[in-house]
Amino acid sequence: MAGLVGNLLILFFVFQNICLGFRSSLSVFKRYKETTRLLSNECPGSDRPVISVGLSDFALDIRMRGVTPKQSDTYLCMSVPLPVDDEAYVVDFKPHASMDTVHHMLLFGCNEPSSTENYWDCDKGTCKDKSNILYAWARNAPPTRLPKGVGFRVGGETGGRYFVLQVHYGDISAFRDKHKDCSGVTLHLTHQKQPLIAGMYLMMSVNTVIPPGEKVVDADIACHYKRFPMHLFAYRVHTHRLGKVVSGYRVRNGQWTLIGRQSPQLPQAFYPVEHPVDVSYDDILAARCVFSGEGRTTETHIGGTANDEMCNFYIMYYMEAKHAVSYMTCTQNMNPEMFRNIPQEANIPIPVKSDMLKMMHGHHEETKDTDKSSLLQQAKKEEGEILDQDFHIEEAVEWPGLDLKLGQVSGLALDPENNLVIFHRGDHVWDENSFDSKFVYQQRGLGPIEQNTIIVLNPSNAKLLNSVGKSLFYLPHGLSIDKNGNYWATDVALHQVFKLGANNKEPLLILGVALQPGSDKNHFCQPTDVAVDPITGSIYVSDGYCNSRIIQFSPNGLYMMQWGEGTETSLGRARPGQFRIPHSLALIPDFSQLCVADRENGRIQCFRLETGEFIREIKHKSFGRELFAVSYAPGGLLFAVNGMPYPGEAEPVQGFVMNFSTGEIIDTFIPVRKSFEMPHDVVASADKTVFVGDVHARAVWKFASTETDGEHKLDSSSGRILGRLRGKGSGGLNLGNFFASHKGYSRKGFDRLSTEGSDQEKDEDDGTDSEEECSAPPPPSAPSSS
């Protein structure tokens with residue numbers, strides 16, 4: 001039934017687009033009339049390799065044409081012409097292969113394939129001109145999530161006009177029944193221009209020698225980067241069987257920032273860079289492969305056979321279109337001495353279970369199908385955290401957060417045990433009578449809040465675990481928790497920042513002067529939030545409602561530096577580093593960034609921790625005028641909540657999930673039981689559980705993600721397609737040609753070797769709004785208090 005429905009949908013799209021005048025659709029199908037005649041009827045999709053999908057999009061099916069390899073380590077190639085003459089962009093890839101029959105496959109773009117035959121032995125080469133890698137698949141690798149708005153350009157004046165599919169059949173024992181193979185990939189192409197252009201930076205060792213029996217051998221690569229800025233968002237490692245771990249870094253001013261680290265014995269996918277890295281002119285890109293020669297009786301060299309080795313670190317990046325370069329390589333080590341300072345993690349092998357090794361290397365021992373399925377599931381589970389942005393956040397309606405007896409909820413945090421910690425105001429309320437025109441608190445006669453203002457709850461059932469903070473605070477605001485479990489809280493009435501032990505009644509540290517607003521090194525004016533760097537212990541305070549700055553203190557509370565200034569409303573759009581209430585902080589330590597919810601400017605600003613240097617702004621029309629809070633979750637996600645719309649404006653109050661790498665919104669969420677009134681803080685855990693505290697509703701909501709199955713959808717109407725890469729038919733990289741130019745290496749096998757060069761599984765982006773760097777609307781006369 002599902003197949004019938006699918007066929008009916010396909011026919012619907014075809015007839016719909018013919019009726020609507022889909023661009024060049026008749027010529028597309030005419031061009032394929034001769035091609036399809038040659039395809040085997042045993043291969044699905046061979047009778048209709050091109051399918052219209054919407055007015056400007058189409059799908060292209062590229063499959064091996066019913067081949068039966070005769071011997072192991074066979075490499076077969078076939079080509080397909082681009083079915084349109086004008087420029088198009090590949091924006092999604094869906095593989096059709098199994099590691100039971102295919103070791104890996106690679107898709108190239110070029111202007112002229114090496115052969116015009118139906119298919120050919122890849123020893124003849126892939127392309128007569130230079131080829132670019134567009135897509136790769138290997139070892140049942142999981143999908144890669146790529147930024148929206150990034151396309152792999154083909155056709156037109158500069159893009160390649162042919163696709164060449166190269167398939168490596170490693171162990172052909174699966175072909176004992178002489179069946180025909182139809183492995184390949186379906187492309188989703190669009191005529192819509194993509195604003196960002198992706199490329200691949202390949203770091204590889206060409207002269208490493210691994211002595212027999214040597215326990216540890218390092219292969220190091222490092223190059224200066226001398227081009228326009230690029231943004232790294234995914235990486236892939238590759239060695240053969242002797243590789244233990246491969247790590248890549250950006251080195252800037254002597255500081256090593258991890259790009260990615262992985263075992264090459266796990267599925268060789270492109271894994272997302274957990275904390276996306278920017279690379280600027282004169283930065284250094286460095287990589288290390290760690291090998292072991294144990295078990296070998298002869299030297300192992302870099303080469304293309306199973307008994308040779310390779311040391312490759314691939315980086316996927318995007319650049320602005322006007323500066324974009326499709327491929328870059330680094331094959332030297334410009335400064336061996338610098339690797340004395342490489343982080344110790346680069347030398348620690350990542351263990352891989354023996355049954356996974358057998359599976360990854362294609363050993364086909366007699367195993368029940370159920371056992372194979374179990375192994376594959378285990379491999380996927382253990383391959384490491386992979387950024388999965390195709391999910392939806394929904395309220396956990398059974399969680400009793402609405403039944404809690406709380407005051408105004410101003411702050412939320414998660415402690416080291418992942419318990420939820422709530423900061424609330426008890427019986428105190430911030431209203432128009434709380435402060436005078438000089439920000440001096442006017443209700444001191446009430447005394448401090450007599451209830452415990454810090455509440456610790458079990459995140460699963462909201463059971464009370466602990467409570468502290470009685471008689472300490474007047475008007476609580478922001479809360480964070482350091483790696484040691486200490487609470488860091490701000491009080492806007494006291495104009496102070498407090499450090500509290502989880503079980504201490506008295507503060508361990510107090511910054512600021514009680515009840516005295518100010519703007520010097522020793523005073524705050526209604527400070528809003530605090531964050532502590534888990535690596536350095538540095539303290540960062542957002543200050544605040546009546547100051548527009550971020551202040552850094554040493555771990556023991558000494559003033560270090562500050563940055564930021566007020567927004568000059570007369571100039572219209574707020575400039576980088578200007579604030580109108582820096583309201584919430586999200587610290588991303590491994591990437592050395594601090595992101596600030598710039599509340600009344602309706603945006604997020606991110607800065608470099610070491611210097612306070614502005615890095616980027618994230619601003620969307622759907623934020624509205626106010627953005628209250630921001631939180632970061634491991635895995636590359638930002639969460640935020642906005643404020644109620646102003647009269648006459650339509651943007652609803654809601655939560656946002658964003659790709660940290662690109663800033664794009666990939667989901668929004670609202671509660672289903674009781675509506676948001678003024679969501680004041682948000683916190684997210686590594687498992688994508690999200691809590692939102694509302695200062696007016698005096699409630700806390702819990703939201704949980706509902707993951708999808710990760711299928712690639714060719715649905716142009718959704719506007720949520722991820723996995724967009726760019727390539728050209730010239731100036732590309734061919735590892736066969738590259739190695740052939742180096743002394744001591746035979747060309748034979750290296751065109752084949754290039755099929756191991758890259759796995760780029762693509763998936764759709766399930767985002768809604770694209771990133772809009774739009775100007776902030778005129779501010780209201782005075783910000784609301786909270």
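C289 counts as buried in this predicted model, since its relative accessibility is 1%, and its partner C311 is likewise buried, with a relative accessible area of 0%. A disulfide joins C289 to C311, with 2.0 Å from S to S, and the 85 degrees about the S-S bond make this link right-handed. The two cysteines belong to distant parts of the chain, for C289 sits in strand β18 (residues 284-291), while C311 sits in the loop between β19 (300-301) and β20 (312-320), 22 residues apart.

The structure holds six disulfides, and the table sets out three of them, including the one just described.

| Pair | S to S distance | Torsion about the S-S bond |
|---|---|---|
| C110 and C127 | 2.3 Å | -75 degrees |
| C289 and C311 | 2.0 Å | 85 degrees |
| C595 and C606 | 2.2 Å | about 105 degrees |

The link of C110 and C127 is left-handed. Because C110 lies in strand β5 (residues 104-110) and C127 in the loop between β6 (120-121) and β7 (132-138), this pair ties together parts that are 17 residues apart in sequence. C110 is buried at a relative accessible area of 0%, and C127, at 12% relative accessibility, also counts as buried, because buried means under 20%.

The disulfide of C595 and C606 is right-handed, as its torsion of about 105 degrees shows. Here both cysteines lie in strands, C595 in β38 (residues 593-598) and C606 in β39 (residues 603-608), so the pair ties together parts that are 11 residues apart in sequence. C595 is buried, with a relative accessible area of 0%, and C606 counts as buried at 0% relative accessibility.

Conventions:
Residues are numbered from 1 along each chain as its sequence is written. This is a predicted model: local features need pLDDT of at least 70, side-chain atom pairs count only at pLDDT 80 or more; totals for chains, interfaces and linings use all residues. Side-chain values use heavy atoms; hydrogens and water are left out. A disulfide is a pair of cysteine sulfur atoms within 2.5 Å. Helices (H or I, at least four residues) and strands (E, at least two) are DSSP runs, numbered from the N terminus. Buried means under 20% relative accessible area, exposed over 50%, partly exposed in between (1.4 Å probe, protein chains only).
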